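Student: I want to understand the labels people put on a structure. Can we go through some of them?

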Amino acid sequence: MDKTLLQKYIEGKTSREEVAQVTEWLDKDEEHVREFMAYHKLYDISLFNLPTVSPATAPRKTRFPVRKIAYELIRIAALFLLAGTSLYFLSEWKTGKTPVAYQTVYVPSGQRAEVILPDSTRIWLNARSRLTYPVEFGNKTREIRLDGEAYLHVRHNQEVPFLVHTDQFQIEVLGTEFNVSAYSSSSHVEVALLEGSIRLTSPLVSGSYLMQVPENVILENGQFRSASLPDYDYFWWKEGVLSFTNEPVETLLKKLELYYDVRIDNTNRKLQESRYTGKFRTKDGVEQVLKVLQLEHRFTYTKDTESNLITIK
């Protein structure tokens with residue numbers, strides 16, 4: 001569906017014929033509904049980055065023809081507003097070409113988001129992740145930039161390669177489904193391949209690395225190192241569930257620091273040497289995780305709200 005027509009529809013500027021066209025398109029496929037909902041989310045979020053306007057000049061919203069769609073749109077838009085997701089547009093001039101518009105979506109601590117790209121590629125973003133992508137892809141490459149953790153289901157297109165750029169490496173996608181964790185604030189980066197194949201390159205490593213299913217690769221000491229694939233429950237983070245399987249508690253606490261934007265000082269030696277298996281809902285917060293850990297391990301903790309520091313003893 002033409003994005004211009006969808007935007008007119010959202011703004012309430014379509015004719016009767018155009019409304020019928022959009023409605024018919026929505027009724028054909030559930031995937032069309034998901035695409036429309038994702039586009040509407042980004043449009044709603046962008047409005048909150050514009051200067052304040054008077055009611056007379058504010059965009060008028062369309063009343064949706066399908067009650068179920070209207071409910072879902074309102075629910076998801078509310079989730080994004082609570083998450084504090086931001087969106088803005090950048091322009092860069094290329095010699096002899098028109099400006100290229102980019103969208104950037106940032107997911108704050110304790111939240112997650114799903115984004116559908118112009119080519120219908122679906123990306124789930126974990127907490128404190130930033131994704132930048134063009135409004136429209138070119139006909140030679142599809143390139144995005146990621147800082148954080150994301151689960152990607154890339155739409156296959158052999159003629160137009162899909163590239164993921166991070167601070168540490170580049171991923172060339174050959175049609176696949178994979179998870180990448182590459183926070184610029186962390187020295188630990190890894191890629192887990194669940195379907196298809198991808199090629200990794202990095203300025204820190206000579207040559208490239210072709211991943212095969214199922215494989216997990218960690219960039220460590222200037223080389224790509226193959227490691228065991230995480231338990232599949234780990235990828236439930238995109239559904240709002242933090243899953244740990246025989247995880248060292250120290251590693252678990254590091255993830256909590258990252259996901260919830262807190263600092264954790266663990267001085268309990270016995271806890272440092274422990275492991276934990278369990279699941280938590282992201283929305284329950286970091287203190288709920290600690291309280292559950294206390295059921296199996298003896299420790300106390302205090303939290304300084306000013307410095308956002310949690311001290312475990």
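**Labels and their cut-offs**

Tutor: Start with strand pairing: five bridges join E9 to strand E10 (residues 205-211), and the two run antiparallel. This is a predicted model: local features need pLDDT of at least 70, side-chain atom pairs count only at pLDDT 80 or more, and totals for chains, interfaces and linings use all residues. Residues are numbered from 1 along each chain as its sequence is written, and side-chain values use heavy atoms, with hydrogens and water left out.

Student: What makes E10 a strand?

Tutor: Strands are DSSP runs of E, at least two residues, and helices are runs of H or I, at least four; both are numbered from the N terminus. E10 covers residues 205-211, so it counts as a strand.

Student: How do you know that E8 and E9 pair?

Tutor: Two strands pair if DSSP finds at least two bridges between them. Ten bridges join E8 (residues 170-182) to E9 (residues 189-202), so they pair. They run antiparallel. Glu177 stands opposite Glu195 in E9. A hairpin of six residues links E8 to E9.

Student: Which residue in E11 stands opposite Val189?

Tutor: Leu219. E9 and E11 (residues 215-220) pair in the antiparallel sense, over five bridges.

Student: Why is Val241 called buried?

Tutor: Buried means under 20% relative accessible area, exposed over 50%, partly exposed in between (1.4 Å probe, protein chains only). Val241 has 18%, so it is buried.

Student: What does Val241 touch?

Tutor: Contact means heavy atoms within 4.5 Å. Val241 touches Trp236, Lys279, Phe280 and Thr282, not counting residues up to four places away in sequence.
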